[in-house]
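Colleague: I'm new to this one. Can you walk me through it with a few questions and answers?

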Amino acid sequence: MLEKTHNLGVLYVDESARGLTHPFFVLILNALKAEAEALGYNVLFIRPGQPGEDVDYVQRCRESGVDGVCLVCVDFKSPAIRTLVESDIPCLTVDHFFKNVPAVLSDNETGVQKIVDYAISRGHKRIAFIHGHDNSIVTRTRISQFHSIMTYHGLAVPEEYVREGLYNDVRLTRKIVMEMLRLPERPTCILLPDDMPYLGAQEAARELGMRIPEDISFAGYDGIPLTQALSPKLTTIRQSSEDMGRTAAKRLVDLIEQPETASRKPVVFPVTLVEGGTIAVI
């Protein structure tokens, strides 16, 4: 067995190009780093591939001298990622599940149920959903659960009420919200991909002379501090970001140091509804 370097690798690809300023994942990564250091490990970032590049992540991890790697916010359908998780390098994923690979995940099914049920309980029937890019189990789970909850309550979802956006993309969300608000029968409540796009949603509503939440309601997802400092505060789902980061470090170190006995079962973290002021009673 190779001598341990006591280095944990992090493979992090942010398609919004915000890097380590991403308001949700930075909370996970900060907690992961603190826990790893407490366990005697350094954290090194693996250089991600560029668009169209034929990248060998196994080789990059070996060249970086890491004992294991945590995969965060990557294209989990990529053949290069599949090759990495099937290699002999210990891997752990965040918000995605591969068979026999440890994972930390957020309870997205419950999160969507909580936010949709809350909107419905306040009288909303025309609810739209702008989701992130459909390249992850997170997005697919949220889309499926949204349709399931709406169907359960006997509420129709017009095709134009479900739109693909991008996570953490303020400008694209502003454009989509503007288009939704100009529909002949516009939604009364719009679920956003995550919290940051609320800034774009606010701009769109104000440009059309609409008040939040009196004329249009919004809900987010993540529970980042920024949107709780805005007026009105965003109604959202808070994820257990710091617990996810700490647990990711612990599970990955356990896999490195005790590969024969380390658990490979996924750990699913609970979510909490944050009642802000952006969903009106109608």
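**Getting to know the fold**

Colleague: What is the relative accessible area of H6, and how does that class it?

Modeller: H6 sits in the segment before strand 1, where strands (E, at least two residues) and helices (H or I, at least four) are DSSP runs, numbered from the N terminus. Buried means under 20% relative accessible area and exposed over 50%, with partly exposed in between (1.4 Å probe, protein chains only). H6 counts as partly exposed because its relative accessible area is 32%.

Colleague: Before we go on, what kind of model is this?

Modeller: Residues are numbered from 1 along each chain as its sequence is written, and side-chain values use heavy atoms, with hydrogens and water left out. Local features need pLDDT of at least 70, side-chain atom pairs count only at pLDDT 80 or more, and totals for chains, interfaces and linings use all residues, this being a predicted model.

Colleague: Back to the backbone: which residue in the loop between strand 4 and strand 5 has a phi near 60°?

Modeller: Most residues other than glycine have a negative phi, and most peptide bonds are trans. The residue you're after has a positive phi without being a glycine, and it counts as buried because its relative accessibility is 8%. It lies in the loop between strand 4 and strand 5 (103-106), and it is D95.

Colleague: Which proline follows a cis peptide bond in the loop between strand 9 and strand 10?

Modeller: One cis bond runs from I212 to P213, with omega near 5°, but P213 is in the loop between helix 7 and strand 9 (217-219). The bond from S231 is cis too, with omega near -5°. The proline after S231 lies in the loop between strand 9 and strand 10, and it is P232.

Colleague: Now the inside. Which helix gives the most to the largest nonpolar core?

Modeller: A nonpolar core is a set of buried Ala, Val, Leu, Ile, Met, Phe, Trp, Tyr and Cys residues joined through side-chain atoms within 4.5 Å. Here the largest has 25 residues, and L8, V10, L32, C70, V72, L92 and V94 touch the most other members. Strand 1 (7-12), helix 1 (25-38), strand 3 (68-72), strand 4 (91-94) and helix 8 (241-257) each supply at least two residues. With 6 residues, the top contributor is helix 8.

Colleague: How many residues does the second, separate core have?

Modeller: That core stands apart from the largest one, and V116 and I127 are among its members. I149 and V271 belong there too, and the total is 20 residues.

Colleague: Which side chain makes a polar contact of 2.7 Å with that of T236?

Modeller: T236 is in strand 10 (residues 236-239) and counts as buried because its relative accessibility is 0%. A polar contact is a pair of N or O atoms within 3.5 Å; within protein, one must be able to donate a hydrogen and the other to accept it, and residues adjacent in sequence count only if both atoms are side-chain atoms. The side chain of T236 reaches the backbone nitrogen of Y221 at 3.0 Å. Its side-chain partner at 2.7 Å is D195.

Colleague: And R60, which backbone oxygen does its side chain reach?

Modeller: R60 is found in helix 2 (residues 57-64) and is buried, because its relative accessible area is 10%. Leaving aside neighbours within four places in sequence, R60 is in contact (heavy atoms within 4.5 Å) with I46, R47, P48, G49, E53 and V55. At 2.7 Å, its side chain reaches the backbone oxygen of R47.

Colleague: How far apart are the end C-alpha atoms of helix 5?

Modeller: The expected span of a helix is 1.5 Å times one less than its number of residues. Helix 5 (residues 137-152) has 16 residues, so it should span 22 Å. The distance between its end C-alpha atoms agrees, at 22 Å.

Colleague: Last one: at what angle do the axes of helix 6 and helix 7 cross?

Modeller: Axes are lines fitted to C-alpha atoms, for helices over the stretch in contact, and angles run from 0 to 180 degrees between N-to-C directions. In the contact, V170, R174, V177, M178 and L181 of helix 6 meet residues of helix 7 including L199, A201 and A204. The axes of helix 6 (residues 170-181) and helix 7 (residues 198-207) come within 7 Å and cross at roughly 40°.
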